[in-house]
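Visitor: I would like to learn how to read a helix pair and a buried residue. Could you walk me through a case?

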Amino acid sequence: MPIGAIGSSSTAFWYLTRASGVVSLLLLTLVVALGVADVARVSSPYWPRFLTDGVHRRASMLALVFLAIHIVTSVLDTYAPISLLDAFIPFHSAYRPLWLGLGAAAFDLLLAVLVTSLLRSRIGARNWRLIHWMAYACWPLAVIHGLGTGSDVRRGWMLALDVICVAVVLGAVWARVRMAEYPTTAARATAAGLSAAFVLGLAIWLPGGPLAAGWAGRAGTPVKLISSLHSGSPARTGSR
Amino acid sequence: MRTRAQQSRDAALRRLTQVNRSLTLVAVVGAGVITDVVANTASGHTRTSTTEASNTAATNKPELLVSGPSGTTTAHQSAAARRRAVAAARRRAAARRKTDAAANTAASDSSQSSSSNQSLQSSSTPSTVTPSQSSSSSSSASSTPTVVAVSGGS
């Protein structure tokens, strides 16, 4: 389908929602990896450290822009009953409340990180750093949100992108722990434990969850929506 | 006169501008590509219009009930599916025209020479279709028309 034709399609918002969600996840992954590289003081004569910092900031802004597109198109696409409030208040939505709520929580965390970064000179470096650590929590929430609500989870390319994102961030976290000036045993154990728990949790959850049949009902899709689609009549939760 | 440090700093700043520009470009193009990819996959949903809904209800066949990738059973008809349905309808119409023309020719031949009782060779393409095949293209994706092979001649 040509890109130009998408604009005239009634499902344009739906396609844009999915694409912007994927791009946001990729950009968030890049942001986390660059942030770790920045803290680890990775640099070379060709690539000074301020370049890493600059790309990290630009990627963060781009991620926010694509997140905004993701949220706006989700709200405008009337197939799923998602309101603008659901994007900010976690676990408030009528449509897959848990999995959508994780995305809302990740968005809130990202907003907090953004606002505190803009006010860094006012709140102090220590407070800023404490809040900035929440970015580590934001990324897994975004990944699980994508796996729980994404329509393309079963696609090979989407699974490959998810695997790449997880590998990149886990590698960055592990490199961060190893490259720290004074890595304590507790820090290493925490990083290793959380990383292993995350991967193990995904490995256990995915086959019986999003990759299994009937996930829509178990994920919390409104029964009305599913039954209306089964009967072949248009779902009128909204207009679809 | 700029020092070497200033030159390297300016070069790094230019590099930063290029990298940021490339990142933005890649993100936008990537979003476009992924939009195109998801538009051509069978997952997702479609806005079923009232006409389509009434057609679907009349035939008592949901438009396309497919279990989506996330286990979502959704009535969806992606752009690719629509294109395939239209192409199939066109192929069937062309085959029907071809068969009709062959049947007419055979009929005129048989009327001219009644002794030659030749039967038409039925091709691999369907010869005659039921009226359900000539229904609207909206239901062509789900309709499976009964194909009746016609042996021509007398």
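Visitor: Which handedness does the crossing of H5(A) and H8(A) have?

Guide: Happy to help, and do keep in mind that this is a predicted model. The crossing of H5(A) with H8(A) is left-handed.

Visitor: At what angle do the two helices pack?

Guide: Helix H5 of chain A, residues 97-118, and helix H8 of chain A, residues 135-149, meet at about 150°, and their axes are 8 Å apart. Angles over 145 degrees count as roughly antiparallel, so H5(A) is roughly antiparallel to H8(A).

Visitor: Which residues make the contact?

Guide: On the H5(A) side they include Trp99(A), Leu102(A), Gly103(A), Leu109(A) and Val113(A), while H8(A) contributes, among them, Cys138(A), Leu141(A), Ile144(A) and His145(A). By type, the residues of this contact divide into 14 nonpolar, four polar and no charged.

Visitor: Now a single residue: is Val173(A) buried or exposed?

Guide: For this we count neighbouring C-beta atoms, and 20 or more others within 10 Å make a residue buried. Val173(A), part of helix H9 (residues 156-179) of chain A, is buried because 20 other C-beta atoms lie within 10 Å.

Visitor: What is Val173(A) in contact with, beyond its neighbours within four places in sequence?

Guide: Its partners there are Val36(A), Ala191(A) and Ser195(A). Ser195(A) is 22 residues away along the chain, with 8.5 Å between its C-alpha atom and that of Val173(A).

Visitor: And what pattern does chain B follow along the sequence?

Guide: Chain B reads α-α-β-β-α-β-β, with three helices and four strands. Of its 154 residues, 18% count as buried.

Technical notes: Residues are numbered from 1 along each chain as its sequence is written. Chains are lettered from A and ligands numbered from 1 in the order in which they are written. This is a predicted model: local features need pLDDT of at least 70, side-chain atom pairs count only at pLDDT 80 or more; totals for chains, interfaces and linings use all residues. Axes are lines fitted to C-alpha atoms, for helices over the stretch in contact, and angles run from 0 to 180 degrees between N-to-C directions. Angles under 35 degrees count as roughly parallel, over 145 as roughly antiparallel, 65 to 115 as roughly perpendicular and the rest as oblique. A crossing is left-handed if the near helix is turned anticlockwise from the far one by less than a right angle, and right-handed if clockwise. Two residues are in contact if their C-beta atoms, placed from the backbone, lie within 7 Å. Ala, Val, Leu, Ile, Met, Phe, Trp, Tyr, Cys and Pro count as nonpolar, Asp, Glu, Lys and Arg as charged, and the others, Gly among them, as polar. A residue is buried if 20 or more other C-beta atoms lie within 10 Å of its own, exposed if 12 or fewer, and partly exposed in between; C-beta atoms are placed from the backbone.
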